[in-house]
Each structure stands twice: as C-alpha cells, then as structure tokens.
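Please examine the model shown below together with its sequence. The paragraphs that follow lead from the definition of its elements to the overall fold and then to selected residues.

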Amino acid sequence: MIRIGCHLSPSKGFMRMGQDALSISANTFQFFLRNPRGSKAKDLDKGDTAALMALLREKDMLPIVAHAPYTLNPCAAEARVQEFAAMVMEDDLERMKAFGGNLYNFHPGSHVGQGVEAGIGKTAALLNALLQPDMTTTILIETMAGQGSEIGGTFEQMREIMRRIDLSDKVGVCLDTCHVFAAGYDIVHDLDGVLETFDKQIGLDRLKALHVNDSLFPLGTHKDRHAPIGKGCIGLDALLALVNHPALTKLPMILETPQDDLSGYAREIRLLRGEAVDNL
Ligand code: FE
Ligand code: FE
Ligand code: ZN
C-alpha cells in the first residue's frame with residue numbers, strides 16, 4: 001500500500017494531526033512547524049510531540065514531512081530577508097529534534113534579478129550554514145515550477161544546489177508533481193523519460209518524498225496552481241501511474257490539493273490507492 005497523506009495544520013496540537021491523519025486512513029502527513037507566513041512560533045509542547053511520535057510509530061505512519069514557511073526566500077538579494085530565512089529555518093531545525101529522523105522540506109527561493117547562479121550560490125550557502133553532522137533530520141529541496149525568478153525549476157538547477165552542499169547525505173529532493181509539470185517535465189506522456197533525466201542529473205537515490213498534486217495549468221506554463229487529483233491537466237491516470245511507478249511507489253506522498261475538509265483528502269487517498277470512491 002502506498003504511503004500517502006495530506007497537509008495538516010497543528011493549530012489544535014500535534015497529537016490531533018496524527019488522529020486526523022488516522023481518521024482518513026493516511027499513513028504519513030505534512031505540516032508547518034509555525035504559522036506558514038513565518039511569524040514567531042510558540043514553544044513546542046514536548047508531551048504533545050512525544051505522544052504524536054509514539055502514535056506514528058505504533059501505527060506505521062513514519063516518515064512525516066515538515067514544510068518550511070513558504071514565504072521565506074533563502075536566496076533573497078536583501079541581506080535582511082535572507083537572514084530571516086536562515087533564522088526561521090535554524091529554529092525549525094531545532095524544533096525538528098522533537099521529530100527525530102524525519103523530513104524538512106523547503107522552497108529554494110527566488111533570485112529576484114540577481115540571476116540563477118547567484119540564487120543557487122546563496123541557497124547552497126544557507127544550507128551549508130544550517131547542516132550539522134549530528135543532525136537526524138533530512139532537509140528536502142522542493143522542485144519548483146520556475147514561476148517568476150524561482151530557482152529549482154529545472155533538474156540542472158537542483159543538481160547545482162546539491163553539488164555545492166558539503167554534508168550532502170543530509171539533503172534530498174521532494175518532487176512536486178504540479179511543479180515539475182508546470183516547469184515543462186511531461187510526466188503525463190513520458191514519466192519514464194522524466195525519471196531517467198532526474199536520475200542522470202540528480203540521482204533517484206536523492207529523491208525522498210513526493211508532493212502529489214494535479215495542475216490547474218498545462219505543461220510548461222510555469223504557473224504554480226494546484227488542482228484536486230483528477231481535476232487538472234495531469235489527470236488521474238497519469239497520477240495513478242506515477243504513485244505506482246516502481247521508482248516512486250515506496251516514497252512518502254503528500255497531497256497539497258485544494259480541498260475544503262478532511263473528507264476530500266480521504267477521497268483522494270482512496271482514489272490514489274485504487275480503492276472504490278463515489279463519482280468525481
Ligand atoms: Fe512547497
Ligand atoms: Fe509542493
Ligand atoms: Zn505549489
């Protein structure tokens with residue numbers, strides 16, 4: 001059975017996320033460690049996080065994925081903005097110690113006019129400053145749609161970031177299906193070819209998680225807009241083939257689709273596991 005869940009909010013506590021995930025038959029999930037806009041976070045409730053971890057071990061729901069605030073820009077031109085990203089990520093990684101051995105995903109940022117090369121250099125430098133030899137958290141760089149001046153919109157750029165990282169075994173990649181499709185990788189008609197390119201340029205052994213989303217916009221449009229599973233330009237058949245692909249099927253998979261409530265995610269999980277669901 002594939003390991004799949006959705007993005008959940010810790011606003012009602014960490015244990016509650018585990019219970020919510022269980023209630024929709026998820027066996028992993030993703031969450032923010034703080035308000036997604038990147039403001040100050042409350043101190044973690046150690047009892048709550050320990051209870052969650054015990055539940056996740058008992059129910060075989062690991063690994064889970066924490067997502068850095070999406071408003072951070074790790075390669076910003078302005079020093080103040082880049083320092084803020086470094087400070088928040090450092091604090092998040094400290095918090096991740098309560099979830100030992102799990103995944104922390106972030107967006108590599110936008111170079112905003114500095115050029116791709118400068119952006120890649122800054123993001124890699126930030127990672128090198130954050131990585132510690134005794135860290136048990138694996139940091140994931142998310143593949144991006146290449147919207148605006150986003151870096152990470154090509155596998156070559158991902159490789160360039162990874163190549164500059166010293167403690168490279170602490171860093172992996174999270175492939176977002178909507179983002180790579182919008183970036184121009186045709187996972188609908190040529191999934192094998194895309195994975196072969198990924199393997200050549202980054203290495204499939206570096207791929208540690210998937211964000212499974214349909215895309216509101218067509219191939220190569222560089223527009224990052226997620227659609228519910230089966231309701232976008234990627235479509236259910238291609239996403240089913242993807243989650244069942246031998247190179248991908250063992251990875252933790254996270255839905256980041258627009259849904260009003262948990263029942264929408266429960267339905268998408270059943271859909272992607274090939275179980276019977278009500279009409280689309
Ligand atoms: Fe993301
Ligand atoms: Fe994503
Ligand atoms: Zn996105």
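Helices and strands are here DSSP runs, of at least four residues for a helix (H or I) and at least two for a strand (E), numbered from the N terminus. With these labels in place, the description can begin; the model is a predicted one.

The protein chain contains nine helices and ten strands. Its radius of gyration is 18 Å, close to the 19 Å that the globule rule gives for 280 residues, so the chain is as compact as a globular protein of that length. Along the principal axes, the C-alpha atoms occupy a box of roughly 50 × 45 × 30 Å. Of the 280 residues, 53% are buried. Among contacts with a separation of 6 or more, 76% join residues that stand 24 or more positions apart.

The surface and the charges complete this overall view. The protein chain exposes about 12,200 Å², and carbon and sulfur atoms supply 50% of that area. There are 28 positive and 36 negative charges, and the mean positions of the two sets lie 4 Å apart.

Helix H1 offers a suitable place to look at the packing in detail. This helix spans residues 14-23, and its buried residues are Phe-14, Met-17, Gly-18, Asp-20 and Ala-21. Viewed down the axis of H1, these buried residues fall within an arc of 165°, so they line one face of the helix. They pack against two strands, E1 (4-8) and E2 (30-32), and against two helices, H2 (46-58) and H9 (262-272).

One member of this buried set deserves separate attention. Asp-20, which lies in helix H1, has a relative accessible area of 18%. Because buried means under 20% relative accessible area, Asp-20 counts as buried. Apart from its neighbours within four places in sequence, Asp-20 is in contact with Leu-8 and Leu-262.

Which residue with a positive phi follows H1? It is Ser-25, with a phi near 60°. Other backbone features are found in loops. Asp-60, although not a glycine, has a positive phi of about 55°, and this residue is located in the loop between H2 and E3. The loop between H2 and strand E3 (65-67) also holds Pro-63. The peptide bond that leads from Leu-62 to Pro-63 is cis, its omega being near 5°.

Further along the chain, His-222 likewise is not a glycine and has a positive phi of about 55°. His-222 is placed in the loop between strand E8 (214-215) and strand E9 (226-227). With a relative accessible area of 34%, His-222 is partly exposed.

Is Asp-169 buried or exposed? At 62% relative accessibility, Asp-169 counts as exposed, whereas Asp-20 in H1 is buried. Asp-169 belongs to the loop between helix H5 (155-163) and strand E6 (171-176). Its relation to Leu-8, one of the residues in contact with Asp-20, can also be stated. Asp-169 and Leu-8 are 161 residues apart along the chain, and their C-alpha atoms are separated by 28 Å.

Technical notes
Residues numbered from 1 in each chain as written. Chains lettered and ligands numbered in written order. Predicted model: local features only at pLDDT ≥ 70, side-chain atom pairs only at ≥ 80, totals over all residues. Heavy atoms only, no water. Rg over C-alpha atoms; globule rule 2.2 N^0.38 Å. Buried < 20%, exposed > 50% of the residue type's maximum accessible area, 1.4 Å probe, protein only. Contact = heavy atoms within 4.5 Å. Areas by Shrake-Rupley, 256 points an atom, 1.4 Å probe, with all protein chains shown as cover. Lys, Arg positive; Asp, Glu negative; His and termini not counted. Charge placed at Lys NZ, Arg CZ, Asp CG, Glu CD. Arc of directions from axis to C-beta.
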